[in-house]
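Welcome to a short tour of one protein. Please have a look at the sequence and the model before reading on.

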Amino acid sequence: MSTFPVPTSHEAREAPAARVALVTGAAQGIGRGIVLRLARDGYRVAAADLPQQLSKLHELEQEVISCRSAASLPACEKVFVAITADVSVEDAVKAMVAKCVEVLGRLDVVSPSRFLVPVPNHDPPQTTLTPCA
């Protein structure tokens, strides 16, 4: 059982400017779906993906604006920012978060649909599986 309140879609729609989400891997697939759902629920969204996906991020921006209008959400100054970043590079991740906060003013939710964090000098533990008798 969660001890944190989970906002309903209605609550999110009451204050769309109050919440900002950052979604990685946002140009296609699951990440794209997450962006569109968050936008319908009233979130302002920072959509991040690799530089070669920038044109898809711009297309996604138009979809976000359309779906917010269709959901009759109040207009906000800035509801979307496209960010290019390679999330396997720590400095790129820091810059991505900084850009989100710079443009949208804050960061409340991170949805890492693609997020690779290398762990230096770490060998995965060796595990032996034993069949149940």
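Here is a report on the overall fold, one pair of helices and the nonpolar cores.

This is a predicted model, in which local features need pLDDT of at least 70, side-chain atom pairs count only at pLDDT 80 or more, and totals for chains, interfaces and linings use all residues. Residues are numbered from 1 along each chain as its sequence is written, and side-chain values use heavy atoms, with hydrogens and water left out.

The protein has 4 helices and 4 strands (DSSP runs, H or I of at least four residues for helices and E of at least two for strands, numbered from the N terminus). Along the sequence they follow the pattern α-β-α-β-α-β-α-β. Of the 133 residues, 33% count as buried (under 20% relative accessible area, with a 1.4 Å probe and protein chains only).

Now for the helix pair. The axes of α2 (residues 29-40) and α3 (residues 54-70), lines fitted to C-alpha atoms over the stretch in contact, come within 8 Å and cross at roughly 30°. The two helices are therefore roughly parallel (an angle under 35 degrees between N-to-C directions). Their contact (heavy atoms within 4.5 Å) is made by these residues:

| Helix | Residues in the contact |
|---|---|
| α2 | R32, V35, L36, A39, R40 |
| α3 | L60, E63, V64, C67, R68 |

The largest nonpolar core (buried Ala, Val, Leu, Ile, Met, Phe, Trp, Tyr and Cys residues joined through side-chain atoms within 4.5 Å) has 17 residues, and V35, L60 and V64 are among those with the most contacts inside it. β1 (20-24), α2, β2 (44-49) and α3 each give two or more residues to this core. A second, separate core of 13 residues includes I83, V87, A92 and L104.

Conventions
Axes are lines fitted to C-alpha atoms, for helices over the stretch in contact, and angles run from 0 to 180 degrees between N-to-C directions. Angles under 35 degrees count as roughly parallel, over 145 as roughly antiparallel, 65 to 115 as roughly perpendicular and the rest as oblique. Buried means under 20% relative accessible area, exposed over 50%, partly exposed in between (1.4 Å probe, protein chains only).
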